[in-house]
Amino acid sequence: MTEDEIKEVFEEIDSDGDGQINTVELANYFKRKGYQGQLKDKVQAAMKVDKNRDRVINFEEFHDMLK
Ligand SMILES: [Ca+2]
Ligand SMILES: [Ca+2]
């Protein structure tokens, strides 16, 4: 993925545009993508990239996940 593509996905998930992805935005994103399984499990798995444990994913953390 290029830097621009990562940014695009980040902005798509960060629906309120505050530069951080919270669990609600993640859940909504997976729903939009048509994910059928346990949303809670999926969100929890994604939140593993939350290295500083502030319960939101910033761009740096997100970037590390996709690169
Ligand atoms: Ca946000
Ligand atoms: Ca974080």
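This report describes how two calcium ions are held in a predicted model of a protein.

The calcium ion (ligand 1) has as its protein donors Asp14 (OD), Asp16 (OD), Asp18 (OD), Gln20 (O), Glu25 (OE) and Glu25 (OE), which lie 2.2 to 2.4 Å from the ion. Along the sequence, these donor residues are spaced in the pattern D-x1-D-x1-D-x1-Q-x4-E. The angles subtended by the six donor atoms run from 55 to 153 degrees, and the arrangement around this ion is therefore irregular. An octahedral label for six donors would require opposite donors to be over 155 degrees apart.

The calcium ion (ligand 2) is bound by Asp50 (OD), Asn52 (OD1), Asp54 (OD), Val56 (O), Glu61 (OE) and Glu61 (OE), with distances of 2.2 to 2.5 Å. The donors of this ion follow the spacing D-x1-N-x1-D-x1-V-x4-E along the chain. Its site is likewise irregular, with angles of 53 to 155 degrees among the six donor atoms.

Some of the donor residues can also be described by how much of their surface is accessible, as the table sets out.

| Residue | Relative accessible area | Class |
|---|---|---|
| Asp18 | 46% | partly exposed |
| Glu25 | 4% | buried |
| Asp50 | 8% | buried |
| Asn52 | 47% | partly exposed |

Glu25 counts as buried because its relative accessibility of 4% falls under the cut-off of 20%, and Asp50, at 8%, is buried too. Asp18, at 46%, is partly exposed, because that class lies between 20% and 50%, and Asn52, with 47%, is also partly exposed.

Definitions and conventions
Residues numbered from 1 in each chain as written. Chains lettered and ligands numbered in written order. Predicted model: local features only at pLDDT ≥ 70, side-chain atom pairs only at ≥ 80, totals over all residues. Heavy atoms only, no water. Donors = N, O, S within 2.8 Å, 3.2 Å for Na, K, Ca; no water. Tetrahedral: all angles 85-135°; square planar, octahedral: opposite > 155°, others 65-115°. Buried < 20%, exposed > 50% of the residue type's maximum accessible area, 1.4 Å probe, protein only.
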